[in-house]
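Trainee: Before we begin, could you take me through this protein step by step, with a reason for each answer?

Mentor: Gladly; have the picture open, and we will go from one region to the next.

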Amino acid sequence: MHSRREFLQKLAVSTASLPFLSSNFSLMEERPLRVAIMGLGGYGTRVAEAMQACKRARLVGVVSGTPSKIKAWQAKYNIPDKNCYNYETFDNIKDNPDIDVVYVITPNALHHDHVIRAAKAGKHVICEKPMALNAKEGQEMVDACEQAKVKLLVGYRMHFEPKTLEVVRLRKKNAFGKILFFQGLSGFEIGDPNQWRLNKELAGGGSLMDIGIYAINGARYMVGEEPIWVTAQETKTDKQKFKEGVDETIQFQMGFPSGALASCLSTYSMNNLDRFFLNGEEGFAELQPSTGYGPIEGRTHLGPLNQAHKTHQTIQMDEMAGIIMNGNKPVVPVDGAEGLRDLRIIDAIYRACQSGQKVSV
């Protein structure tokens, strides 16, 4: 009886500790988000490299139309043959249970088709910005993912950048007082005139689609409101390089419900333009550089921003793993609805350039 009593006491102690042990075990054993990258160009390569340091996301598959790239990535990242696809065989990914999400990093004009195909295959999707060529396409992508019951995220890496999030935190606690003005400058001198970013059919536009979207998006999360009107002016100095429908430089202004204003510049013909400035009645914030790959530098009226630099794409993919796997809610949204808001503003800016009139958003 004595030994039986001791056994039961030990069993009770062991049983009482099971929830704690189980909880820790699940944390240790939680599997990573398994990612296939579609589009193995320059930015796809950057994401793949950054993912090697991820704790929650793992590169397990590729989609490319270039067999030599697939072979090189297989060798470098230990990707099995069964997780490799081209654009003809891609739909077969629906039968692959070892891939959770497809990260679409193809030219802008291809996003719509690729995202919808991934959704129909039952895979979650991360899509590079801009999410589509226009709001109509973007809405179709959001609808397709909702219908397929998969998540659609957009590659807004700045939404996870520590200094950027500190400015958002300060604005939310009213450190700047009433927000009055935002300035966003995004520009560089673009190189190869034959690249896809200068091809209307693939890019859907020019500098605004590529880098102007940073200022649009930044104005929204730094001001903390959605614009209600835009005005815009286009300037083109090189009609050979920047053909019809490919914007070289666009200046645009936005108005917000509170009365705050934004003045922004997007260009492919000037360097040294990567700056956000937020002004309020009681203070300011400045980020310069504001959206480059880092390190981001910044200050406010309270002093310098000293948050440590981390590779943007590493943080992004780990955070997105939490969103997809655990339903985490980011401080600044990165879902399809967020991408769609930017597309509606881009549509309005292009209409304002053509009409010369103020356009409601």
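**A helix and its surroundings**

Mentor: In this predicted model, asparagine 134 caps the N-terminal end of helix 5, with a side-chain oxygen lying 3.2 Å from the backbone nitrogen of lysine 136.

Trainee: What span does helix 5 reach from its first C-alpha to its last?

Mentor: Helix 5 covers residues 135–148, which makes 14 residues. At 1.5 Å a residue the expected span is 20 Å, and the span in the model is close to that value. From its first C-alpha to its last, helix 5 reaches 20 Å.

Trainee: Which helices and strands do the buried residues of helix 5 pack against?

Mentor: We should begin with the residues themselves, since the buried ones in helix 5 are Ala135, Glu137, Gly138, Met141, Val142, Ala144 and Cys145. In general, an α-helix has 3.6 residues a turn, so residues three or four places apart point the same way. The elements that the buried residues of helix 5 pack against are helix 4 (108–120), strand 5 (124–127), strand 6 (152–154) and helix 10 (336–355).

Trainee: Which residue takes a positive phi just after helix 5, and which one does so just after helix 4?

Mentor: Just after helix 5 there is a positive phi of about 60°, and it belongs to lysine 149. Just after helix 4 the positive phi is about 80°, and the residue there is glycine 122.

**Strands 11 to 13**

Trainee: Which residue in strand 12 is the bridge partner of leucine 278?

Mentor: Strand 11 (residues 273–280) and strand 12 (residues 284–287) form a hairpin with 3 residues between them. These two strands pair in the antiparallel sense over 4 bridges. In strand 12, the bridge partner of leucine 278 is alanine 285.

Trainee: Which residue of strand 13 stands opposite leucine 287?

Mentor: Strand 12 also pairs with strand 13 (residues 298–300), in the antiparallel sense and over 3 bridges. Opposite leucine 287, in strand 13, stands glycine 298.

**The largest pocket**

Trainee: Which element supplies the largest share of the lining of the largest pocket?

Mentor: About 910 Å³ of space lies in this pocket, and 45 residues line it, with Tyr43, Trp196, Arg197, Asp210 and Tyr293 lying nearest its centre. Several elements each supply at least two residues of the lining, among them helix 2 (42–51), strand 7 (179–187) and strand 11. The largest share is 8 residues, and it comes from helix 8.

**A loop residue**

Trainee: Is isoleucine 228 buried, partly exposed or exposed?

Mentor: Isoleucine 228 is found in the loop between helix 8 (207–223) and strand 8 (229–235). Buried means under 20% relative accessible area and exposed means over 50%. Because its relative accessibility is 40%, isoleucine 228 counts as partly exposed.

Trainee: What distance separates the C-alpha atoms of isoleucine 228 and glycine 255?

Mentor: Leaving aside residues up to four places away in sequence, isoleucine 228 touches Gly255, Phe256, Pro257, Val359, Ser360 and Val361. Isoleucine 228 and glycine 255 are 27 residues apart along the chain, and their C-alpha atoms are separated by 5.9 Å.

**The whole protein**

Trainee: What percentage of the residues of the protein count as buried?

Mentor: The protein has 10 helices and 15 strands, and its C-alpha trace spans about 95 × 55 × 35 Å along its principal axes. Of its 361 residues, the share that count as buried is 52%.

Methods: Residues numbered from 1 in each chain as written. Predicted model: local features only at pLDDT ≥ 70, side-chain atom pairs only at ≥ 80, totals over all residues. Heavy atoms only, no water. Pairing = 2+ DSSP bridges. Expected span 1.5 Å × (residues − 1). Buried < 20%, exposed > 50% of the residue type's maximum accessible area, 1.4 Å probe, protein only. Contact = heavy atoms within 4.5 Å. Polar contact = N/O pair within 3.5 Å; in protein donor to acceptor, adjacent residues only side chain to side chain. 1 Å grid on protein atoms, 1.4 Å probe; cavity = no way out; pocket = protein on both sides within 12 Å on 5 of 7 lines; lining within 4 Å. Points joined across faces, edges and corners; volume = space filled by probe spheres on them.
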